[in-house]
Amino acid sequence: RELIKTIDFLQRTSPAIYVSILENGDSSDRTAEHLDDLRATLQARNIDNSIITKNVIPRNGMDRIDFLERLRNRSLDPLRRSLAQ
């Protein structure tokens, strides 16, 4: 709800809103279900988004900081692609 409130506020001054969220699919607290609901809400409001909830990046023993860096970079991929156009 707070993210939607923030988007509503930002849309007053910025026509370009994009939401990018990664969740590796290993949460046991129904995070993926909540993100699916968020994706549907964003799509109903015509807000561009990239919400990925399964097998984002395998950790494979990777150092925590390196893993978080890869997640951050992956979440920024849509922005990079739009700037390259």
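# Exercises on burial, cores and a surface patch

At 19% relative accessibility, Asn-49 counts as buried, where buried means under 20% relative accessible area, exposed over 50% and partly exposed in between (1.4 Å probe, protein chains only). The model is predicted, so that local features need pLDDT of at least 70 and side-chain atom pairs count only at pLDDT 80 or more, while totals for chains, interfaces and linings use all residues. Residues are numbered from 1 along each chain as its sequence is written, and side-chain values use heavy atoms, with hydrogens and water left out.

**Exercise 1.** Place Asn-49 in its element and list what surrounds this residue.

*Solution.* Begin with the element: Asn-49 belongs to strand E2, residues 48–52, helices (H or I, at least four residues) and strands (E, at least two) being DSSP runs numbered from the N terminus. Next take the side chain of Asn-49, which reaches the backbone oxygen of Ile-47 at 3.1 Å. Finally, not counting residues up to four places away in sequence, Asn-49 touches Tyr-18, Val-19, Arg-39, Leu-42 and Gln-43, where contact means heavy atoms within 4.5 Å.

**Exercise 2.** Identify the largest nonpolar core and the elements that give two or more residues to this core.

*Solution.* A nonpolar core is a set of buried Ala, Val, Leu, Ile, Met, Phe, Trp, Tyr and Cys residues joined through side-chain atoms within 4.5 Å. The largest one has nine residues, namely Ile-4, Ile-7, Ile-17, Val-19, Leu-35, Leu-38, Leu-42, Ile-47 and Ile-51. Two or more of these residues come from each of helix H1 (2–11) and helix H2 (31–44), and H2 provides the largest share, three residues. A second, separate core has five residues, among them Val-56, Ile-57, Met-62 and Leu-71. As background, nonpolar side chains tend to be buried together in soluble globular proteins.

**Exercise 3.** Decide whether Glu-23 is buried or exposed, and locate this residue.

*Solution.* Glu-23 sits in the loop between strand E1 (18–22) and H2. Its relative accessible area is 9%, and therefore Glu-23 is buried. With neighbours within four places in sequence left aside, the contacts of Glu-23 are Thr-31, Ala-32, Leu-35, Ile-52, Thr-53, Lys-54 and Val-56. As for Asn-60, 37 residues apart from Glu-23 along the chain, the two C-alpha atoms are separated by 16 Å.

**Exercise 4.** Assign Leu-79 to its helix and to an accessibility class.

*Solution.* Leu-79 lies in helix H3, residues 64–84. Because its relative accessible area is 47%, Leu-79 is partly exposed.

Note on methods: A polar contact is a pair of N or O atoms within 3.5 Å; within protein, one must be able to donate a hydrogen and the other to accept it, and residues adjacent in sequence count only if both atoms are side-chain atoms.
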